[in-house]
Amino acid sequence: MLQEFKTFISRGNVVELAVGIIIGAAFTGIVNSLVKDMLMPPIGWIMGGIDFSNYFLNLSGGHYESLSAAEAAGAATINYGRFINALINFFIVAGALFLIVRQVNRLHFLHDSKPKAPPRQEVLLEEIRDALRARQAPAPGDTTRPGA
């Protein structure tokens, strides 16, 4: 059983998957920071100082100045501002992945579009054609054409 596990782990696909997950986790941190620290402040400023992360519906009936105050009081809330942030985050990640996959596909297409060697029969036919042309070609200075 241990040998089977070693074989399973040492396969290329498992290692590549693990690397992908680790890079994905790091990428998530970068995208979260991009959304929270870079994109949302200008969007909020353009919209008049709106902070989406602080938008919520209070289901408890009281009034709270911020979402953190409502959470500290234990109020039941629907945090639709955080959901808006998550949607923006998702679209940024999806767009970035689309661009990455598109470039990888383009590289694969360029790699696959390199001219391949012609089939052997075509090479042989070209050699025969060239040999026939060489046989029929007039010698330099000869004005008569063979076979005419």
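1. A residue counts as buried when its relative accessible area is under 20%. Ser66 has a relative accessible area of 17%, so Ser66 is buried. Please keep in mind that this is a predicted model. Ser66 sits in the loop between strand 1 (57-58) and helix 3. Once residues up to four places away in sequence are set aside, Ser66 touches Asn54 and Phe56.

2. Now for the overall layout. The protein chain has 5 helices and 2 strands. Followed along the sequence, these elements come in the pattern α-α-β-α-β-α-α. Of the 148 residues in the protein chain, 9% are buried. The accessible surface of the protein chain is about 12300 Å², and carbon and sulfur atoms account for 66% of that surface. If you take the contacts between residues at least 6 apart in sequence, 37% of them join residues at least 24 apart.

3. Helix 4 is a good place to look next. This helix covers residues 80-112, and Asn85 is found in it. Is Asn85 buried or exposed? Asn85 has a relative accessible area of 18%, which puts it among the buried residues. Leaving out neighbours within four places in sequence, the contacts of Asn85 are Val35, Met40, Phe52 and Ser53.

4. You may also like to colour the nonpolar patch on the surface. Its members are Leu57, Leu59, Ile78, Tyr80, Phe83, Leu87, Phe90 and Phe91, and together they offer about 820 Å² of accessible area. Which element gives the largest share of the nonpolar patch? That is helix 4, with 5 residues. Another member of the patch, Ile78, lies in strand 2 (residues 77-78). With 40% relative accessibility, Ile78 is partly exposed.

5. Two members of that patch, Phe90 and Phe91, deserve a second look. The structure holds 2 aromatic pairs, and Phe90 with Phe91 is one of them. Their ring centres are 5.4 Å apart, with 65° between the planes. Why does this pair count as edge-to-face? The angle of 65° is over 60 degrees, so the pair falls in the edge-to-face class. Phe91 has 56% relative accessibility and is therefore exposed, the cut-off for that class being over 50%.

6. Next, the charged side chains. Side chains of opposite charge can pair when their charged atoms come close. How many salt bridges does a search of the whole structure find? The search gives 2 salt bridges. In one of them, Glu71 pairs with Arg82, and the closest N and O atoms are 3.0 Å apart. This pair links distant parts of the chain, with Glu71 in helix 3 (residues 67-72) and Arg82 in helix 4, 11 residues apart. Glu71 is partly exposed at 39% relative accessible area, and Arg82 is partly exposed at 41%.

7. The other entry to check is the salt bridge between Arg129 and Asp130. Here the closest N and O atoms are 3.2 Å apart. Arg129 has 39% relative accessibility and counts as partly exposed. Asp130 is partly exposed too, with a relative accessible area of 40%.

8. To close, a short route for a first viewing. Start at the buried Ser66, in the loop before helix 3, and move on to Glu71 and its salt bridge with Arg82. From there, look along helix 4 to the buried Asn85 and then to the edge-to-face pair of Phe90 and Phe91.

Notes:
Residues numbered from 1 in each chain as written. Predicted model: local features only at pLDDT ≥ 70, side-chain atom pairs only at ≥ 80, totals over all residues. Heavy atoms only, no water. Phe/Tyr/Trp six-rings, centres within 6.5 Å; stacked < 30°, edge-to-face > 60°. Buried < 20%, exposed > 50% of the residue type's maximum accessible area, 1.4 Å probe, protein only. Helix = DSSP H or I, 4+ residues; strand = E, 2+ residues; numbered from the N terminus. Contact = heavy atoms within 4.5 Å. Salt bridge = Lys/Arg side-chain N within 4 Å of Asp/Glu carboxyl O. Areas by Shrake-Rupley, 256 points an atom, 1.4 Å probe, with all protein chains shown as cover. Patch = residues over 30% accessible without salt bridge, like charges linked within 9 Å, V, L, I, M, F, W, Y side chains within 5 Å.
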